[in-house]
Amino acid sequence: MTDQISHLGKTLSTAASVLIGSQDIEKNVENNLLSNSPRNPYRKTLQESLTAADFMNHETFDKLRKTRAIASTLSEDSKGLYSQKSREKYFTNKVSDKKTTFKVLSHLSDDLLKDLPETAESKSNTRDQGETRLLKESDSTDASQERIFSLYQGFEASIPVINRSVEKEHLLLEQNNQESAAQILPQMGNKPRIRSGPWEDLLESKEDTYISLDFNPERISNIKSKKELERINELANNNLVMLDIRKKLSADEIDEIKKQIQDLQLKQNLLVKKIAAIEENELFLEDIIRLIGHRSADFSNDTQIEFDQAKSLSGLNNPESMIDATRPTALERKNSIDIVETSLNEIRTSFDGSKQSIEGKDNHNALNGFFEDASNKKSRKAQPTVQKYYNSGKKLSTIPKAHDDAITCLDFDPHFSTLCTAGYMDHIVKLWDYTKKRQIGAMEGHVATISCMQVDKNYNMVATGSKDATVKLWNANDVIGRYEEGNNSEALHTLDAHLDEVSSLYIDGANLMTASQDKTIRRWDLYSGKCIQVFDVNFPSLSAYKSSFMKSNEDSMILKTVNTPIIGSIQSFDAALATGTKDGLIRLWDMRTGEVVRVLEGHMDAITSLKFDATTIISGSLDGTMRLWDLRSNNLTDIISYEKPISSLDFDAKHIVVASNEHNTHIYDRNDGNKWDLQDEEQDTTSLFVKYKERYTMEGRSNGDIGIWIV
């Protein structure tokens, strides 16, 4: 029985040692305890215990049953073995104490010690002889081979560092101050140092790399005793080995950290995917809630109609009351005649424009109905946050061949994962769910290339401007519904006051600003669809200006998509309006007076894009430069040059995203001035148009692809 208990004790000891000697319990169990290797110490010891001669006799099992009561007390504690965060917790239970835990944690089985790599030093039993050498000169290995050290050597090499730390703590307590280690180290003895200067500072600033320097080059030069030289040589070799051991320990820690980082990165990626899936479900449930709201409203209307029909039927059952209720009085007959005559007069006076009036009334009613319908107002209970956890420069996905030709414009809503795109050759605006890379709608109605667009941030409305001189307003919800049913979409309203191509537009609350090649800018009231203000930009400089880019870049892709518009870009906020025009000037307008109040000069060619915030206006031009202006002082604060003309830019408080007809989209960090690119090795086309919102960057390319990035 003693032999069996000894075997079992050895087995348990080996298993516990393997467990506590690993950072990853589950992998250790799988790779060590369950390994089929005949050299596996756990498997070997367990087999010896189970195959002992008298292990299976009745007396043995009878004694083992008596331990069942104690084992049952440990069952509950053992359930959480793999959930413990520290090794001490593995052995915390009702029958163990700190002494037992320490013995288990500090125990190393003979089998584990036998598996340690041995060196010539350990074979010569230098520990028993009291020698302090870790490696003899004859033990040195080839520099190309990695030296393997024993556990004993690792402990021995760590002792100086531990002593150093203890000595430092004592000094800190004695001096009772907060001096750094670099200030304290020179006070720790008058030991001579090999070097001074930067190397000495490095040794003193890195506590773990400190070594005992008891030899001085001048002193060594003056030594006359060979025995003393041999002693110093042995000490130097010993210190060298200790440094090598500590370097190996540090390298092992680095490898372990790298492995942990990889594991954490894998866990992070899984959690990010989980968050993305949760947000998709959130958006789906919010769509369901909105659908329920629509159906509830329809149900209320149907109930009212049924009630009115029932009331009418009840009147039919009583003809006399119905006749009395419907018989007009003399006053009512007179009022009816007056109303009819008034209506006839209105029809006669407006006969020539009757068609436009009716259409305008219908459009006006459609706009009123759109803004009065609460379901058309954008709202989300749960805001998307998954983009915060992606690394900058990560390409999320690509929508291949969104259009058959170059992308002319696009816009998106990051809160609802919707994207609108337009191509040069087709006259259709496509609506996408960019998380699934799936088309969910199509806006058909323009008869020429769509040159500009914007997704309203407050309502489910999309505004598009075209070379056909019209601006169309679309109900995105209606577009999606019709597309699912297989029907063509219809514009909610059409603005047709311009006489030439609409080159730029901007939605600001209830106002819509549109710029055209007819050299006018119009301000529209979105609620009524009426033009309420016109700005004339027929400046002499525009008529006399000839783009140098047009002369030297006749075959460039940008001519197809931009075509040097007279008004390249506009933006408004409240009563302020900024315009970038073909003559390279930025004009700032006061919309209350309709006058230009400031002009920013600097660009040498047509301005293709601009945007401003509270303090800065940023513009891009065909001259290949991006300029940053301080609105408070009107001063130019920075110029960034690119090799090719800038066709589009966008920015927020941290970054500026630029498309300049090159392979990569450019990023400029507004905080530190660093410049970097969105590297896309899979693409051999050029980036033409960009939009940047809440870290998402949408990139329209010359082959019709859409790239989706995180900045």
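Analyst: Quick ground rule before we start: with a 1.4 Å probe and protein chains only, a residue is buried under 20% relative accessible area, exposed over 50%, and partly exposed in between. The model is predicted, so local features need pLDDT of at least 70 and side-chain atom pairs count only at pLDDT 80 or more, while totals for chains, interfaces and linings use all residues. Residues are numbered from 1 along each chain as its sequence is written, and side-chain values use heavy atoms, with hydrogens and water left out.

User: Okay, what makes Asp590 count as buried?

Analyst: Its relative accessibility is 16%. The limit is under 20%, so Asp590 falls on the buried side.

User: And why is Arg592 called exposed?

Analyst: Arg592 comes out at 70% relative accessibility. That is past the over 50% mark, so exposed is the right word.

User: What makes the contact between Asp590 and Arg592 a salt bridge?

Analyst: A salt bridge needs a side-chain nitrogen of Lys or Arg within 4 Å of a carboxyl oxygen of Asp or Glu. Here N to O is 3.0 Å, so the pair passes. Arg701 and Glu699 also make one, at 2.9 Å, and both of those residues are buried. By this rule the count comes to 14 salt bridges.

User: How do you know that Lys248 and Asp252 belong to one helix?

Analyst: Helices are DSSP runs (H or I, at least four residues), strands are E runs of at least two, and both are numbered from the N terminus. Lys248 and Asp252 both sit in α13, residues 226-316, four residues apart, or about one turn of the helix. They form a salt bridge too, with the closest N and O atoms 3.0 Å apart.

User: Why are Lys248 and Asp252 called partly exposed?

Analyst: Lys248 has 25% and Asp252 has 36%. Both values lie between the two limits, so partly exposed fits each residue.

User: What makes Phe284, Leu285, Ile288, Leu291 and Ile292 a patch?

Analyst: Patch members have over 30% relative accessible area and no salt bridge; like charges are joined within 9 Å, and nonpolar side chains (Val, Leu, Ile, Met, Phe, Trp, Tyr) within 5 Å. Leu291, in helix α13, is partly exposed at 47%, so it clears the area cut-off. Together the five give about 490 Å² of accessible area, by the Shrake-Rupley method with a 1.4 Å probe, where only the protein chains shown count as cover for residues.

User: How do you know that β15 and β16 pair?

Analyst: Two strands pair if DSSP finds at least two bridges between them. β15 (576-581) and β16 (586-590) share five bridges in the antiparallel sense, so they qualify. One partnership joins Gly580 to Ile586 in β16.

User: And why are β14 and β17 edge strands?

Analyst: The open sheet runs β14-β15-β16-β17, with antiparallel pairing. β14 (567-573) and β17 (595-600) each have a single partner strand, so one side of each lacks a neighbour in the sheet.

User: Last one: why is Gln387 called buried?

Analyst: Gln387 has 5% relative accessibility, under the 20% limit, so it is buried. It lies in the loop between α16 (354-372) and β1 (394-399). Leaving aside neighbours within four places in sequence, Gln387 is in contact (heavy atoms within 4.5 Å) with Glu694, Arg695, Tyr696 and Ile710.
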